[in-house]
Amino acid sequence: MTYHVRRHDREIKDTKRLAEIVKSGQYAVLALCREGEPYAVTLNYGFDEAAQSLYFHCALEGQKLDFLRANPRACATVIRDLGYQHGHCSHAYASAVIHGEVEWIGAESERQHAIEIMIRHLEREPDKVLRKTSEQAATWTHTQMFKLRIGRMTGKERLPSE
Ligand SMILES: Cc1cc2nc3c(=O)[nH]c(=O)nc-3n(C[C@H](O)[C@H](O)[C@H](O)COP(=O)(O)OP(=O)(O)OC[C@H]3O[C@@H](n4cnc5c(N)ncnc54)[C@H](O)[C@@H]3O)c2cc1C
């Protein structure tokens, strides 16, 4: 069953604006599930708009990897926090919810691509950092990388003036 944003007046339908939220975010809360047990974990990401994927990196082991190996389906939420509206009992925000499936990154060429996407997304001076990581080849060696391929993405916002 597919749910739709109930409040049509707050739905972000414009795909460019939706992409802007994901481009400007730095981390996502990733919701995972294994045999009915939920697990939500926060991770930095890099957004590859052309590939409609979010790239992630982490240690080689841990709970989220065990969950993802058992069930690659995941749901991520990215928020732009516009602040609690004191006196109005509300919070202003723009957010995106992404439903998709995780794929592992193994091939060296895709790994390099993912690293570059993440650095360009997250770093203030990406070229400097990219130069440094290429000199220190070991920097990302002990990391697992994966991508969340976007299957469906929805957006919603509540502006401060509302
Ligand atoms: C803004 C932000 C950005 C982050 N970016 C990254 C990233 O890019 N890559 C990365 O690997 N990690 C990142 N982290 C840390 C991440 O949230 C996890 O702690 C980490 O990835 C380990 O996850 P795991 O499932 O392997 O946990 P494990 O080490 O296997 O631990 C499992 C248990 O530890 C507890 N736990 C795990 N993480 C947290 C947490 N963050 N807070 C409180 N309890 C926790 C939970 O109860 C969980 O059941 C980030 C955290 C924040 C807040």
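**Exercise 1. In which strand is threonine 154 found, and is threonine 154 buried or exposed?**

A word on the material before we start. This is a predicted model, in which local features need pLDDT of at least 70 and side-chain atom pairs count only at pLDDT 80 or more, while totals for chains, interfaces and linings use all residues. Residues are numbered from 1 along each chain as its sequence is written, and side-chain values use heavy atoms, with hydrogens and water left out.

Step 1. Threonine 154 belongs to strand β8; helices (H or I, at least four residues) and strands (E, at least two) are DSSP runs, numbered from the N terminus.

Step 2. Its relative accessible area is 18%, so threonine 154 is buried. Buried means under 20% relative accessible area, exposed over 50%, and partly exposed in between (1.4 Å probe, protein chains only).

Step 3. Leaving aside neighbours within four places in sequence, threonine 154 is in contact with Val5, Leu18, Ser95, Ala96 and Val97. Contact here means heavy atoms within 4.5 Å.

**Exercise 2. Describe the setting of serine 134.**

Step 1. Helix α4 (residues 126–135) holds serine 134.

Step 2. Serine 134 counts as exposed because its relative accessibility is 58%.

Step 3. Take glutamine 112 as a partner: serine 134 lies 22 residues away from it in sequence, and their C-alpha atoms are 9.7 Å apart in space.

**Exercise 3. Find the buried side of helices α1 and α2.**

Step 1. In α1 (residues 15–24), the buried residues are Leu18, Ala19, Ile21 and Val22. They cover an arc of only 150° around the axis, so they sit on the same side of α1. The arc is that of the directions from the helix axis to the C-beta atoms.

Step 2. In α2, Lys64, Leu65, Phe67 and Leu68 are buried. Their arc is only 160° around the axis, which puts them on the same side of α2.

Step 3. Now look at what they pack against: the buried residues of α2 meet β2 (27–34), β3, β5, β7 (90–104) and β8 (144–158).

**Exercise 4. Map the surroundings of the ligand.**

Step 1. List the shell, taking a residue as near if one of its heavy atoms lies within 4 Å. The residues around the ligand are Tyr27, Tyr39, Val41, Thr42, Leu43, Asn44, His57, Cys58, Gly62, Gln63 and Lys64.

Step 2. Pick out polar contacts (for the ligand, pairs of N or O atoms within 3.5 Å). A ligand oxygen is 2.4 Å from a side-chain N or O atom of glutamine 63. For the side chain of lysine 64, the distance from a ligand oxygen to an N or O atom is 2.8 Å. A polar backbone atom of threonine 42 is 2.7 Å from an oxygen of the ligand.

Step 3. Turn to area, from the Shrake-Rupley method with a 1.4 Å probe. The ligand taken alone exposes 870 Å², and the protein buries 46% of that.

Step 4. Assign the shell to elements. Those giving two or more residues are β3 (37–44), β5 (53–58) and α2 (63–70), and β3 gives the most, with five residues.

**Exercise 5. Summarise the whole chain.**

Step 1. The protein chain has four helices and eight strands, in the order β-α-β-β-β-β-α-β-β-α-α-β.

Step 2. Its C-alpha trace spans about 50 × 40 × 30 Å along the principal axes.

Step 3. Of the 162 residues, 38% count as buried.

How values were computed:
Polar contact = N/O pair within 3.5 Å; in protein donor to acceptor, adjacent residues only side chain to side chain.
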